[in-house]
Amino acid sequence: MTRLTRFTRTTAFKLSLLYVGVFTVMSGFLVVYVAENTDHLMSEQVVQSVDSELKGLADVYVRGGVRDLVETIDRRSKHPDASLYLLTDFAGNALVGNIARLPTVVLEEADGGLRRVRYTRLGQNTEDIERQAMVRTFELRGGFRLLVGRDLGDQLKFSNLLANALRLWLVVIVLMGAITWFFVNSRVMKRIDDISATSRTIMHGDLTGRLSVAGNNDEFDRLAVNLNTMLERIELLMQSMKDVTDNIAHDLKTPLTRLQTRIEVALRDSKGEEGYRDALEATLDETDHLLRIFNALLRIARIESMAPGTVMEPTDLNKMVAEIAELYEPLIEDEGGRLETDVPSGLYAECNKDLISQVLVNLTENALKYGRPDEGSLLIRMSASLEDGRVQLSVSDNGAGIPEKDQERVIERFVRLEESRSEPGTGLGLSLVKAVARLHGGELRFKNETPGLSARIDLKRAEPDGSGSGNGQGGKTGDEAP
Amino acid sequence: MLRILVIEDDPEAASYLVKGLTELGHTADQAADGQTGLQMSLDSDYDILIVDRMLPRLDGLSVIQQLRDEGNHTPVLILSALGQVDDRVKGLKAGGDDYLPKPYAFTELQARVEALARRPKSASQVETTYTVGDLTLDRMAHSCRRGETEIPLQPREFRLLEYLMQNAGQVVTRTMLLENVWEYHFDPQTNVIDVHISRLRSKIDKGFATPLLHTIRGAGYTIRDTAH
């Protein structure tokens, strides 16, 4: 692409061109309108003065005959800025007047019509100066012909003035166009170029780049702020993807290495069928663990990719919590703890029963693993309540809680605060809870109670099925009463 | 011995399945696409169909639907790599009888196939009483006896024992118990099922000479009378 085509393809150039074009056409209309009207007005004035003079001269002729007429014309033609006069006899010889030369046809057709003619004034110093005039010619009794006219010099001068003004105006418009283009180009295009330059560096992999914000809150600032927010989100996603990849590598490497070691050891120290069987069973446990991690990852990815609001129905929370409590109570009791539930009856939430049950299970298992108090026995509480129009579903324990600085971190995939990783688990439980909460338009939040930790998610409230249908019927029958 | 048809397009996965099922003493055939699979299952009389969801020519769900439309009610186990939440519901709606997401352990598949084969084919075949050794479960009276002793059971314990006895002699996995007794379709990380089993065991086995409820390592549980 050459410099010129690149230049002519810019938006600024096209805008300036359009601007100049539109203003030229508009000014053209204005000038033509003014010119037409002025010309018309001036012509009318000329005709009027010619007519009144003709009338006066005709009167003179009627009253005083040719002599008086000749005298009057002679006198009038000597005035400065006089009209044009010419009186001829029946043979066409000039008797008196101030016109030296004139197309003969004007005198021959003395029908009183208006004509525009070229003429030369008598006594003009410079010969052959042709001027334009508007004339009328009449035939008088006795074969005389009288011509009276007005010079059109002023009118022409004015037309010229207008033409010059138009030319000047055009120059001004083009200049203004150039100035506008310069302004648009230097200010606006520079910012657009800025944006494309920054996006180019981002395209090349540097996600830390941000668009500059001028601070005057114009549309470019708004665009830049929006794009920056988008970039931040992308950077965050990329970072979390990288973290996940690192974590997967780490968390899968350990069981895979263990698996490999077990197999190698079993192959080296062959202890007969019994030994092989033990080794195989141990490797089976490892592969089970690996499969569990994969399944959990797949499940989280699947939930995260689902559109919010899908596969949901009004669910009785009281019933759901009671069922989970029934499933977990024996386990909690075996561990020396207690389980309490507190859900008001008739509280429904718009949710996916399987997924929310899984959430309760994950939070309960976390409470079992990490929520044990140093003294006394474990108390796990499942509760649901209505706050600010949203259903809050929570599982709390009476353990040590999570330090506030770690609360964000535990939700990330594979993060387990306990470094030794002695408890079984994939480290994906809370990631799944978070994904499910997001799917339900809510969030996972932690709160340190005294003592213990409360983990809660918020759900959309739902009306129990089948309620409200009776009311509409009742209202209708009331109206039908005669 | 069961006659099983595996409809699976991945040759490696299919031959692994066929080999595993054959080693268990079953007869297993294989079809590599949906159209062939549908034809084979209509032509011969299989006990169980194992159908992958993603198949060339005709997808797994369509195979099951057309089969049901033809009046064929062979139990179907759906295998799926898609795996979650709504997929399972779609699979069962199409007429599948059980659903197993990939990747799966072979023991899980084996347990499910055998449970499917033992499933009563019509309401008239449902037994009202299950018996294993001297343990009797009366489904009508909701009562359980071992020998002469009446054993009181909680409703959930009753359903747990009922499911185990329905599949007496077969291995049932923890996931199968969670799905069929509690109707949950997820994978708990802890041994929550084990606790329920041990409570049930203490009720039906404690104080009796021969234990009936056995743990199968790496697989699950089974109820059987080892005296025979």
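**Strand pairing, helix packing and the chain A–chain B contact**

In this predicted model, strand β3 of chain A, which spans residues 99–101, pairs in the antiparallel sense with strand β4 of chain A, residues 114–121, and the pairing runs over 2 bridges. Within this pair, A:Ile99 stands opposite A:Arg121 of β4(A). Strand β4(A) also pairs with strand β5 of chain A, residues 131–139, again in the antiparallel sense, and here 6 bridges are found. In this second pairing A:Tyr119 is placed opposite A:Arg131 of β5(A). In a regular strand, side chains alternate between the two faces of the sheet.

Turning to the helices, the axes of helix α8 of chain A (residues 353–370) and helix α10 of chain A (residues 429–439) come within 9 Å of each other and cross at roughly 145°, and the crossing of α8(A) and α10(A) is left-handed. From α8(A), the contact is made by A:Leu355, A:Ile356, A:Gln358, A:Val359, A:Asn362, A:Leu363, A:Glu365 and A:Asn366, while α10(A) contributes A:Gly429, A:Leu430, A:Leu432, A:Val433 and A:Val436. By class, the residues of this contact between α8(A) and α10(A) comprise 8 nonpolar, 4 polar and 1 charged.

Between the two chains, the contact takes 28 residues from chain A and 21 residues from chain B. On the side of chain A that touches chain B, at least two residues each are supplied by α6 (272–305), α7 (317–334) and α8 of chain A, and α6(A) gives the most, with 11 residues. Sorted by class, this side of chain A holds 13 nonpolar, 5 polar and 10 charged residues. Helix α8(A) thus appears both in the crossing with α10(A) and on the side of chain A that touches chain B.

Notes. Residues are numbered from 1 along each chain as its sequence is written. Chains are lettered from A and ligands numbered from 1 in the order in which they are written. This is a predicted model: local features need pLDDT of at least 70, side-chain atom pairs count only at pLDDT 80 or more; totals for chains, interfaces and linings use all residues. Two strands pair if DSSP finds at least two bridges between them. Helices (H or I, at least four residues) and strands (E, at least two) are DSSP runs, numbered from the N terminus. Axes are lines fitted to C-alpha atoms, for helices over the stretch in contact, and angles run from 0 to 180 degrees between N-to-C directions. A crossing is left-handed if the near helix is turned anticlockwise from the far one by less than a right angle, and right-handed if clockwise. Two residues are in contact if their C-beta atoms, placed from the backbone, lie within 7 Å. Ala, Val, Leu, Ile, Met, Phe, Trp, Tyr, Cys and Pro count as nonpolar, Asp, Glu, Lys and Arg as charged, and the others, Gly among them, as polar.
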